[in-house]
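Visitor: Please take a close look at one part of this model for me, a single strand with its partner, and then set it in the chain around it.

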Amino acid sequence: MEGHAGQKASLTWAVHIAVAVLVVLWTVPTFGLLVSSFRDKDQLAVSGWWTALSASEQTVAARTDSPDAQAQEGGLWVIRGNVFESGKGKVASWGTSSREPAAYGPGDTADLGDGETLAVEEDGSYLLSAQSEMSGSRGQRIYVQSLVPPRFTTENYGTVIGAEGIGRAFLNTFTVTIPATVIPILVAAFAAYALAWMRFPGRALLIACVVGLLVVPLQLSLIPLLRFHNAIGLGKGYFGIWLAHTGFGLPLAIYLLRNYMVGLPKDIIEGARVDGATDFQIFRKIVLPLSFPALASFAIFQFLWTWNDLLVAKVFLGTSDSQLVMTGRIVELLGSRGGNWEILTAAAFLSIAVPLVVFFAMQKYLVRGLLAGSVK
Amino acid sequence: MGQILYAAATIVVGVFLCVAYFWGSNAVLDRIFPMKGPQAAANVRKANAIRPWLFLGPSILVLALYLVYPVFNSIWLSLHGSGGQEFVGLDNYVWLFGDAKFLESVRNNLLWLVFVPSMATFFGLVAAALTDRIKWGNFAKSLIFMPMAISFVGAAVIWKFVYDYRGADQEQIGLLNAIVVGLGGDPVAWITVPFWNNFFLMVILVWIQTGFAMVILSAALRGIPEETIEAAILDGASPLQIFWRIKIPQIWGTIAVVWTTITILVLKIFDIVFAMTNGQWGSQVLANMMYDWSFRAGDFGRGSAIAVILMLAVTPIMVWNIRNARKEGN
């Protein structure tokens with residue numbers, strides 16, 4: 001479409017800018033999640049992810065050592081020390097009351113009354129001095145605003161994989177996904193071949209049924225199937241969810257594969273028939289290999305759908321650690337760890353990483369499947 | 001580890017059983033009606049009449065059990081009490097239409113139905129039209145398409161982070177509130193603002209579905225015959241005129257397909273609401289309400305009644321799809 005006669009240079013620029021804006025709008029939310037999942041959890045809690053590269057300001061509430069540690073120096077009683085426990089940091093400002101935590105700059109001396117003074121240097125070292133011996137059991141409060149250099153870490157991932165159970169949920173999700181992708185393909189491929197290349201009464205009606213079943217809301221199936229699974233003793237478990245996903249995925253699988261198989265060259269299949277090949281042989285040796293692109297398309301759909309599913313897993317699987325999938329675990333974390341973004345972002349990114357890899361690796365087949373699968 | 005082995009073993013056994021069924025049943029059929037001997041012609045005819053049903057058997061069984069039977073069973077359950085025992089007639093439906101949460105869900109679902117398909121189709125169309133004109137268009141498309149691969153739950157976390165709210169005295173870590181504060185406004189707890197929070201949830205689905213609309217519409221735009229566009233250029237039409245007057249009318253069919261596909265998805269929307277608000281603050285939708293009543297309250301009668309309402313809502317689209325498919329088939 002490039003280089004229309006009527007197209008002006010300014011319009012081209014407008015197109016570039018408009019597309020750039022769209023791309024930014026569509027990627028920034030995910031990018032924010034990714035950046036945040038690698039940030040130090042204390043920094044993440046107090047500053048936006050877009051400031052991740054600049055030093056963040058943190059308020060530390062410290063105390064001087066207790067008066068037990070005081071020493072006499074040239075007629076004054078003094079306590080020396082450092083406000084930073086690690087001994088490292090940079091003081092931006094400090095104060096002695098929570099109402100004015102930034103009253104003084106580094107190097108300033110604060111008059112605390114009764115002849116006591118406090119000075120805090122930029123490196124965090126303080127000097128508390130008094131005219132007479134200090135008493136009491138606790139030290140003086142110091143509020144310090146320090147500039148902390150940006151810190152990136154993979155600790156968050158370690159936490160969610162281990163302590164928060166995402167590692168186990170990751171395995172559970174795979175356990176659900178793989179059979180739930182493979183089984184419907186096998187079952188559907190035979191049905192699709194029959195609907196595409198075999199002649200029998202009721203074929204048109206069956207095709208219409210498949211098209212109709214494409215849009216049946218799966219909400220309708222939840223209660224009846226759960227009751228059915230309970231009645232036959234299957235209960236909640238992996239076997240039940242594989243069957244459920246197979247049932248829900250089958251209409252699209254049959255529809256996609258049949259549409260593709262119908263388009264295969266008629267000569268090859270008729271020719272094989274004349275040569276005495278049975279339908280089973282034609283299916284296995286000719287149709288199945290030629291249908292690879294459609295099989296791949298559906299496999300990606302079904303994989304993404306079963307991986308990303310929450311509802312079917314909530315209904316057909318239990319809530320124990322051995323059956324909770326990633327989406328279910330993350331929803332649980334959203335409830336229990338609502339404010340702990342370091343946990344939520346890392347967990348969410350782990351759960352979307354696999355679909356994103358599949359997406360970018362197999363985009364071609366996904367697009368092809370979408371184009372074939374939207375009912376015309 | 002044992003679990004992985006269990007899953008792997010199931011795949012192997014499942015695949016083996018499938019193959020054994022199809023291969024075995026075909027072999028048996030060939031043995032009963034051999035393709036040679038005095039009755040070869042009659043045998044072939046008989047075998048060919050039976051074979052399609054061997055191929056279709058497992059699919060028909062699964063579809064009947066997992067999709068067709070539930071439709072009727074749901075209707076039956078919706079006429080019964082919470083445990084599915086005593087017959088209550090239309091009581092569940094009468095209760096539904098008097099329930100404030102149900103009416104709120106219907107209103108919200110209608111809002112979703114208007115807003116999400118229209119916005120996703122609009123942005124998809126704009127993205128498709130614009131990216132087709134530039135060199136890095138495919139790269140841009142890929143990125144706009146990416147949210148399609150992200151789960152609704154993952155998207156909910158992503159956007160909950162964007163909408164995050166801190167008190168006005170704290171630094172905002174949510175992008176939206178940071179922008180609002182940066183422009184001199186006050187931070188807002190977006191997802192708790194009744195009525196408007198619905199739109200903040202809808203944005204998530206628009207964000208996910210725009211890529212889908214873009215991919216389909218982009219293919220349709222490329223399929224437009226060049227002659228119609230060239231003729232318009234010769235007549236002196238501007239690019240915008242070409243787009244709205246020449247291209248759009250030729251892809252109406254595809255726009256309708258995109259619109260209805262997203263509509264069906266929207267009717268069933270569950271995960272986003274479940275993860276973001278769980279229907280609080282006036283954001284309830286039918287699918288989430290159905291889940292609440294069925295699996296939290298354990299009332300299968302009321303849950304099924306809501307599911308049946310959902311089924312009724314998709315029925316027109318279903319009929320339309322079947323009619324179109326049959327027209328194409330003939």
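Guide: In β6(A), the residue that bridges to A:T109 is A:A119, and A:D111 stands opposite A:T117 of β6(A). Before going on, note that this is a predicted model, in which local features need pLDDT of at least 70 and side-chain atom pairs count only at pLDDT 80 or more, whereas totals for chains, interfaces and linings use all residues. Residues are numbered from 1 along each chain as its sequence is written, while chains are lettered from A and ligands numbered from 1 in the order in which they are written.

β5(A) and β6 (residues 116–120) of chain A pair in the antiparallel sense over four bridges; strands here are DSSP runs of E of at least two residues, helices are runs of H or I of at least four, both numbered from the N terminus, and two strands pair if DSSP finds at least two bridges between them. The two strands form a hairpin with two residues between them, and in that turn A:D114 has a positive phi of about 55°.

Of the five residues of β5(A), the number buried is zero, so this strand lies largely in the open. A residue is called buried if 20 or more other C-beta atoms, placed from the backbone, lie within 10 Å of its own, exposed if 12 or fewer do, and partly exposed in between.

The hairpin belongs to an open sheet of five strands in chain A, with the order β2-β3-β7-β6-β5 and antiparallel pairing. Its edge strands are β2 (71–73) and β5 (109–113) of chain A, each of which pairs on one side only. From one strand to the next the twist averages 30°, taken between axes that are lines fitted to C-alpha atoms (for helices, over the stretch in contact), with angles running from 0 to 180 degrees between N-to-C directions.

Turning to the whole chain, the secondary structure of chain A comes to 14 helices and eight strands, and 45% of its 376 residues count as buried. The C-alpha trace of chain A spans about 115 × 70 × 30 Å along its principal axes. Chain A has a radius of gyration of 33 Å, whereas a compact globule of 376 residues would have one near 21 Å; the radius is taken over C-alpha atoms, and the globule rule is 2.2 Å times the number of residues to the power 0.38.
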